[in-house]
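Biologist: Please take me closely through a single part of this model, the one built around a pair of neighbouring strands, and explain the terms as you go.

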Amino acid sequence: AWAMAGVEADPGWAGFVGAVSGEWEGFYVEFDKAGAVQQLPDYAVPEAMKEWGVECFDYQTQTCADGDAEGVKYTQSRFYPTAGCEVDATTVFDRKTVTLQPSDPGLMYYSDGSFTAGPEALPADEPYELQLCLVDAGERRRIRLLLKMHGTDLRGGGLIMEWWEAEYSKNASLPTSCGGTRSYLSGMSKGPEGLGPQSLSLPGGV
């Protein structure tokens, strides 16, 4: 379900925009250059979790995307983890906005919303980022792999697992720590083998 095989490689920009637009919610983990998943920094972990000895590896995320003939603009937000149903369940840890344009030389897009993005020619001795997005259209979920590179060396990166939740509404449907559609990722290996979609164990047997 996670392969691009059989997907139309040039659906036209309008089809791609329709597939990626909307409010996506999910989880984000970071990994080092060896592929090992990293714990959240101490300052991002609630005191209650520290007292309970809970290890935190992932941020809750929201990606809001919309586009037109000129490009797709998406805003990705990461939220502090919370202990229980806290009032500040949607406190933003960080946020960034990215624009994808059909004229980007390093962009390849597909009819189901899958895409790859990065420089057309890989720099020999400069930092850059590569992004690979794979979509399971039947479940309306996707994996985005962000690779931080320097030349041909992997310096780390991030993995986002997210689900389509609603039509684009400019961040109107903020995620919460209780009553949400999913809980934190569980059962993920902390080593490189845990970064593949086959190794994710999600609530409800997803």
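Modeller: Strand 7 and strand 8 run antiparallel and are joined by 10 bridges, where two strands are said to pair if DSSP finds at least two bridges between them. Strands here are DSSP runs of E with at least two residues, helices are runs of H or I with at least four residues, and both are numbered from the N terminus. This is a predicted model, in which local features need pLDDT of at least 70 and side-chain atom pairs count only at pLDDT 80 or more, while totals for chains, interfaces and linings use all residues. Residues are numbered from 1 along each chain as its sequence is written, and side-chain values use heavy atoms, with hydrogens and water left out.

Strand 7 covers residues 127-136 and strand 8 covers residues 141-150, with Arg140 in the loop between them. The two strands form a hairpin with 4 residues between them, and within this pairing Val135 stands opposite Arg142 in strand 8. In the turn, Arg140 has a positive phi of about 55° although it is not a glycine. Arg140 is also partly exposed, with a relative accessible area of 43%; on this scale, buried means under 20% relative accessible area, exposed means over 50%, and partly exposed lies in between, as computed with a 1.4 Å probe on protein chains only.

Strand 7 has a further partner, since 3 bridges join strand 6 to strand 7 and these two also run antiparallel. In that pairing Phe115 stands opposite Cys133 in strand 7. Cys133 counts as buried, because its relative accessibility is 0%, and Cys64 likewise counts as buried, at 3% relative accessibility. The structure nevertheless holds 0 disulfides, a disulfide being a pair of cysteine sulfur atoms within 2.5 Å.

Ser114 lies in the loop between strand 5 (108-109) and strand 6 (115-117), and with a relative accessibility of 1% Ser114 counts as buried. A polar atom of the Ser114 side chain lies 3.3 Å from the backbone nitrogen of Val135, which can be read against the definition of a polar contact: a pair of N or O atoms within 3.5 Å, where within protein one must be able to donate a hydrogen and the other to accept it, and residues adjacent in sequence count only if both atoms are side-chain atoms. Val135 therefore appears twice in this part of the model, once opposite Arg142 in strand 8 and once, through its backbone nitrogen, beside the side chain of Ser114.
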